[in-house]
Number of protein chains: 2
Amino acid sequence: MSAQAPSLRQFERFFWEQILSHAGANILSQISNDNCDAYLLSESSLFVWDKQFLMLTCGDSTLIESLLHFIEQVDEDAIIQLHYHRKSEFIPYLQRHHFMDDLKRINQKVTGSAFRVGHLDSHHQYVFCANNGSSEPQLRGCELVMYHIRGEFADYLLSEHPSAEGIRSRLGLEQSFPHFVFDDHCFSPFGYSVNGIYADQYVTIHITPQAQSSYVSLETNLKITAEYPAVLSGFLSMFSPLKWDVMTLNNPLPDSPWDDAFCSLQSQLPLSETERLFFYQYQQNNTEVLIPYAL
Amino acid sequence: MSAQAPSLRQFERFFWEQILSHAGANILSQISNDNCDAYLLSESSLFVWDKQFLMLTCGDSTLIESLLHFIEQVDEDAIIQLHYHRKSEFIPYLQRHHFMDDLKRINQKVTGSAFRVGHLDSHHQYVFCANNGSSEPQLRGCELVMYHIRGEFADYLLSEHPSAEGIRSRLGLEQSFPHFVFDDHCFSPFGYSVNGIYADQYVTIHITPQAQSSYVSLETNLKITAEYPAVLSGFLSMFSPLKWDVMTLNNPLPDSPWDDAFCSLQSQLPLSETERLFFYQYQQNNTEVLIPYAL
């Protein structure tokens, strides 16, 4: 938002509830500090700072409806930067509409550029980016998405009664993110979400452990690839995913950051003169022997 | 078909035209020999032997409708083996219906088993298989599917006026498949299909060269993985695909058949006491640097 616009944190909770209702999401709980309000949603998250907000959704939610509703509620000229990302679906035939439809609707309100990063027949991400000359650095940082998790932790997540405490302690959040305050929720029968904040920093983790489409995402504005590489490695050891994608702003990964991993794809996208998005796809460096799935 | 059933080749061309019309496909041309009639369709193929037929479709065609119509036309008891395969779509959001719907409809007519081979978020294949004690060996053999083709041949296919002769000679069909008779078609603006037959052997190649979703399939009942490995290697050199899948009946690939290739997945599916389907996914063994695609 522009410097002249009021702080987004002045909006009441009801305002955000209205925005979220357009995505079919609702607030489960909330934590706050001097810089940020962090809302834990039904398998999603919303972070609100003074001049920025970040909303992550998954599953059936319709983020585009929330975005368009937000633009209607505020002065369009006050919006300096707008980033709208859409990941390819895990089970694409369940997809109800497509990014190109979203794009048409956003472009009626805000002018920007759109790209696809990654191939159509693999994990890919759609990115819409509008930038009207902001000097405010983005509060986004790095995203790690892991697919097909395996091992003891994956088994625990699918066990009969995983608890929020059990998952949180296995994640080692307090060790990886010291000083952070956390807010988490364990869904029934499966799934776990946690938000963490410290000053203007955030971390959010969402876990969908179901066997045929397991998926763990970690997103943070810590410079995790550059300054905390052990945190990423730790998450990879914990979940032992078959494949994983990394998206990072301005801090590219080093070559071969992990043993036994093969980088199948890398791509970079300039978002502005000073900002560059890096996208990587990794996979285990050995042949998976897969038993056919009986239907 | 059962030994008592009449030869499928006794059906008139009109019969097959009716079957094909249910898939939205039609016959472009035909070649025949003592064993087989091979029909070249709109980006698809149909092969008819005395006791078996093989129909391959792609794009928008609805193979399931043809199959159900065929079952209605013949005595169900005469059907000894039935295999119905469905590949995951290249652009899944265009998919109009799903294999599970197909399965429900087939199961009302014929009882069999169904499997998914491969992960949901990658290329995968659905297989339905019914076997009522046939001793007739399947006339299927091996399928090579290449994705994201590159290089001189790929460029030629996207050039302004590729010709059937130009494509056929670049494919080197006469050298790879001596004695075969070929029937091909070059589609406008892009795409190429060819059928080839010799005795009871067939080969069929379909090429969709469009840049964002390029795709080449080669299918044959020659024991190509075991007896003609140079043919597969030759096709891989020609098209230099980023990824490729191999499916083969009873003749598994050796370990590491190709240099600079990484086998990310292998799977096997027993179809009967004597028949086993092998499925492999390969990819180039180096990191692809991909430029984001502007929308």
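These legends walk through several close-up views of a predicted model.

**View 1. Helices α2 and α3 of chain A pack against each other.**
Let us start inside chain A, where helix α2 covers residues 63-73 and helix α3 covers residues 99-107. Two packed helices are described by the angle between their axes and the distance between the axes. Here the angle is about 0 degrees, and the axes of the two chain A helices lie 11 Å apart. Because angles under 35 degrees count as roughly parallel, α2(A) is described as roughly parallel to α3(A). Which residues of α2(A) and α3(A) make the contact? On α2(A), look for I64(A), E65(A), L67(A) and L68(A); on α3(A), look for D102(A), R105(A) and I106(A). Sorted by class, the residues of this contact are four nonpolar and three charged, with no polar ones.

**View 2. Helices α2 and α3 of chain B pack at an angle of about 0 degrees.**
Now turn to chain B, with helix α2 at residues 63-73 and helix α3 at residues 99-107. Their axes are 11 Å apart, and the angle makes α2(B) roughly parallel to α3(B). From α2(B), the contact draws on I64(B), E65(B), L67(B) and L68(B). From α3(B), the partners are D102(B), R105(B) and I106(B). The contact of α2(B) with α3(B) has four nonpolar residues, three charged residues and no polar residues.

**View 3. Chain B meets chain A.**
Here is the place where the two chains come together. Chain A brings 46 residues to the contact, and chain B brings 46 residues. Between them the chains bury about 3,900 Å², with 58% of that area on carbon and sulfur atoms. How many salt bridges are there between chain B and chain A? The count is zero. Polar contacts, on the other hand, link 25 residue pairs between the chains, counting pairs with both residues at pLDDT 80 or more.

**View 4. Several elements of chain B build its side of the contact with chain A.**
Helix α3 of chain B is one of the elements that give two or more residues to this side. The others are the strands β6 (113-117), β14 (261-270), β15 (276-284), β16 (288-289) and β17 (293-294) of chain B. Which element gives the most? That is β14(B), with eight residues. By class, the side of chain B that touches chain A has 25 nonpolar, 17 polar and four charged residues.

**View 5. A salt bridge joins D37(A) and R9(A).**
Over all chains, the structure holds 16 salt bridges. In this one, the side chains of D37(A) and R9(A) meet at 2.9 Å, N to O. The pair links distant parts of the chain, as the two residues are 28 residues apart. D37(A) sits in strand β2 (residues 37-41) of chain A, while R9(A) belongs to the segment before α1 (13-21) of chain A.

**View 6. Backbone details appear at P189(A), P189(B) and A199(B).**
In chain A, S188(A) and P189(A) are joined by a cis peptide bond, with omega about 0 degrees. You can find P189(A) in the loop between β9 (181-186) and β10 (192-198) of chain A. In chain B, the peptide bond from S188(B) to P189(B) is cis, with omega near 0 degrees. P189(B) lies in the loop between β9 (181-186) and β10 (192-198) of chain B. A199(B) is not a glycine, yet it has a positive phi of about 50 degrees. Look for A199(B) in the loop between β10 and β11 (201-208) of chain B.

Definitions and conventions. Residues numbered from 1 in each chain as written. Chains lettered and ligands numbered in written order. Predicted model: local features only at pLDDT ≥ 70, side-chain atom pairs only at ≥ 80, totals over all residues. Heavy atoms only, no water. Axes fitted to C-alpha atoms, helices over the stretch in contact; angles between N-to-C directions. Helix = DSSP H or I, 4+ residues; strand = E, 2+ residues; numbered from the N terminus. Parallel < 35°, antiparallel > 145°, perpendicular 65-115°, else oblique. Contact = heavy atoms within 4.5 Å. Nonpolar A, V, L, I, M, F, W, Y, C, P; charged D, E, K, R; others polar. Buried area = accessible area lost by both parts, 1.4 Å probe. Salt bridge = Lys/Arg side-chain N within 4 Å of Asp/Glu carboxyl O. Polar contact = N/O pair within 3.5 Å; in protein donor to acceptor, adjacent residues only side chain to side chain.
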